[in-house]
Amino acid sequence: MALAFDEFGRPFIILKEQEQKTRLRANDGATILEQMDVDNQIAKLMVELSRSQDYEIGDGTTGVVVMAGALLEQAEKLLERGIHPIRIAEGYEMASRIAVENLELIAHKFDFGVTNLEPLIQTCMTTLSSKIVNRCKRSLAEIAVKAVLAVADLERKDVNLDLIKVEGKVGGKLEDTELIYGIVVDKDMSHPQMPKQIEDAKIAILTCPFEPPKPKTKHKVDIDTVEKFQTLRKQEQQYFDDMVQKCKDVGATLVICQWGFDDEANHLLMHRNLPAVRWVGGVELELIAIATGGRIVPRFQELTPEKLGKAGLVREKSLAQRKIECFTLNTVQIQGLLAYLFAEHELLHANQLIIRDIPELCNKMMIEETKRSLHDALCVARNLIRNNSIVYGGGSAEISCSVAVEAAADRYPGVEQYAIRAFADALDAIPMALAENSGLQPIETLSAVKSQQIKENNPHFGIDCNDVGTNDMCEQNVFETLIGKQQQILLATQVVKMILKIDDVISPSDY
Ligand SMILES: Nc1ncnc2c1ncn2[C@@H]1O[C@H](COP(=O)(O)OP(=O)(O)OP(=O)(O)O)[C@@H](O)[C@H]1O
Ligand SMILES: [Mg+2]
């Protein structure tokens with residue numbers, strides 16, 4: 001680098017070996033688009049885009065990136081033709097509004113109720129059909145819908161998904177996945193001979209240990225005779241006995257303990273027919289207390305019958321090598337509980353739903369994938385409760401929007417119309433990708449479906465991905481949520497507009 005002066009005495013800097021620098025110089029987005037595959041700054045934006053879709057909607061995260069990619073690809077062509085990026089951004093904005101309005105027009109509202117869950121289930125099934133778990137899509141969709149409905153606030157049209165826990169357990173099959181209206185604790189009864197099932201359980205929830213008080217460090221116990229040892233032993237036993245008796249006196253039929261207890265106490269509990277679970281974590285203890293209406297008791301002296309938690313059914317269920325404790329409410333109570341949840345929302349947090357999910361092959365990756373898929377399905381069910389409008393999938397909604405946007409382009413006399421047409425072409429990317437991924441000829445399939453939509457004036461025609469024999473997505477029950485699809489288009493447009501407005505990028509390595 002050197003400082004020099006021009007003929008008017010103004011200083012300027014000469015940069016040496018300019019050609020070796022990877023500085024990108026441009027006054028529009030063209031360079032960024034050209035460099036898209038090498039400049040990961042854009043890739044980061046795509047990742048962000050996908051994340052936003054996930055955060056807002058929970059599904060459609062691939063589609064949104066495909067759409068943004070297609071919009072960028074189209075923009076590149078326009079830039080090559082000399083259209084200014086600002087004009088392109090404006091055209092895209094107009095087109096996205098037309099597309100979003102068109103979605104509103106072709107959307108259907110459906111009614112659902114506790115007795116008619118089918119539309120909700122079908123929409124969740126569409127989400128799951130593109131996942132590895134699609135073998136069980138029906139049962140998983142049912143689980144997702146039931147779980148969401150159990151915690152939904154139908155009046156406020158909202159769902160707090162935090163009330164639904166998805167737990168993965170190694171050692172079973174995908175088919176074993178089940179919905180539990182209650183709490184699952186990954187613990188077993190402290191003694192194998194204790195009953196595995198307790199009906200109408202009265203639960204003592206204890207944070208005090210089942211053990212005699214320990215001598216303080218200052219004190220010591222001298223045992224020099226057998227008699228002394230016997231007395232001590234008796235005393236210890238008496239302690240245990242008193243503790244067990246205290247629990248029995250208040251009417252507890254199950255003890256949940258935060259601490260462990262030794263074999264002696266364990267044996268006594270078994271002997272006195274008081275089943276117990278030990279080493280239950282603090283959070284779980286709190287959940288149990290909330291769900292069963294019990295109180296956490298820190299001292300045996302404080303145990304009273306009112307502080308006991310109540311559960312319709314507590315059962316130990318073993319799956320493969322591991323055992324699980326389930327606090328469930330019996331059938332009658334489940335119905336009661338649901339009605340209660342709908343009526344009394346403030347107390348909703350008191351009930352946790354846990355879906356136990358046991359995917360096949362003991363494969364952790366499979367569990368993670370199942371959890372993600374279930375998350376998508378839960379989000380879709382939630383979205384439908386927020387807004388019960390659906391559009392048809394399989395690319396049919398995109399094709400319909402493409403037709404609408406293309407038709408609208410003629411109304412714009414300015415340069416924007418090129419961008420609007422380009423937007424219509426970009427919308428074709430999703431049906432084309434679906435066709436290609438199903439082994440169909442993308443362009444031929446798309447044009448056939450598009451002309452069918454125009455000819456029959458029916459926006460339900462899409463790509464028959466599974467070769468069912470009809471490409472009417474209404475007949476195939478391929479539904480997607482209206483808000484999800486709208487969000488995809490809006491977010492993709494936003495990010496592309498943002499990229500188009502960047503006009504100079506310096507590679508990070510050259511800072
Ligand atoms: N049975 C089906 N027939 C035709 N198209 C289908 C069918 N099931 C799903 N689709 C379509 O597949 C697309 C969804 O694919 P996929 O779930 O892989 O991506 P995404 O929802 O965009 O992203 P992600 O699920 O990863 O967040 C949608 O366009 C949907 O309409
Ligand atoms: Mg999906």
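The largest nonpolar core of this predicted model contains 65 residues. Those with the most contacts inside this core are C124, A144, V148, A204, I256, A377 and A381. Its largest share, ten residues, is supplied by helix α6, which spans residues 137-151. The surroundings of I256 illustrate how one of these core members is packed: leaving aside residues up to four places away in sequence, I256 touches I203, I205, L206, V277, V280, L285 and I288. Separate from this assembly is a second core, made up of 59 residues, among them L72, I463, I489 and A492. In soluble globular proteins, nonpolar side chains tend to be buried together.

The two cores belong to a protein of 511 residues, 39% of which count as buried. Its secondary structure consists of 16 helices and 16 strands. Contacts that bridge long stretches of sequence are frequent: of the contacts between residues at least 6 apart, 76% join residues at least 24 apart.

Attention may now turn to ligand 1. The shell around ligand 1 comprises 19 residues, of which T61, G63, S130, G393 and G394 come nearest. Two or more residues of this shell are given by each of the helices α3 (61-80), α5 (118-129) and α14 (429-437). The most is given by α3, which contributes three residues. In composition, the shell around ligand 1 has eleven polar residues, five nonpolar ones and three charged ones.

Of these contributing elements, α14 merits a closer description. Within α14, the residues A429, I430, P431, M432, L434 and A435 are buried. The buried residues of α14 pack against α3, and also against α12 (396-409), α13 (416-427) and α15 (442-456). Thus α14 gives residues to the shell around ligand 1, while its buried residues pack against α3, the element that gives the most to that shell. After α14 comes G439, which has a positive phi, near 80°.

The confidence of the prediction remains to be considered. The average pLDDT of the protein is 81, and 81% of the residues score at least 70. Two stretches fall well outside that group. Over residues 27-36 the pLDDT stays under 50, and the model has 28 contacts beyond four places in sequence for them. Residues 328-362 likewise have a pLDDT below 50; this stretch has 88 contacts in the model beyond near neighbours in sequence.

Note on methods:
Residues are numbered from 1 along each chain as its sequence is written. Chains are lettered from A and ligands numbered from 1 in the order in which they are written. A nonpolar core is a set of buried Ala, Val, Leu, Ile, Met, Phe, Trp, Tyr and Cys residues joined through C-beta atoms within 7 Å. A residue is buried if 20 or more other C-beta atoms lie within 10 Å of its own, exposed if 12 or fewer, and partly exposed in between; C-beta atoms are placed from the backbone. Helices (H or I, at least four residues) and strands (E, at least two) are DSSP runs, numbered from the N terminus. Two residues are in contact if their C-beta atoms, placed from the backbone, lie within 7 Å. A residue is near a molecule or strand if its C-beta atom, placed from the backbone, lies within 6 Å of it. Ala, Val, Leu, Ile, Met, Phe, Trp, Tyr, Cys and Pro count as nonpolar, Asp, Glu, Lys and Arg as charged, and the others, Gly among them, as polar. pLDDT is the predictor's confidence in each residue, from 0 to 100.
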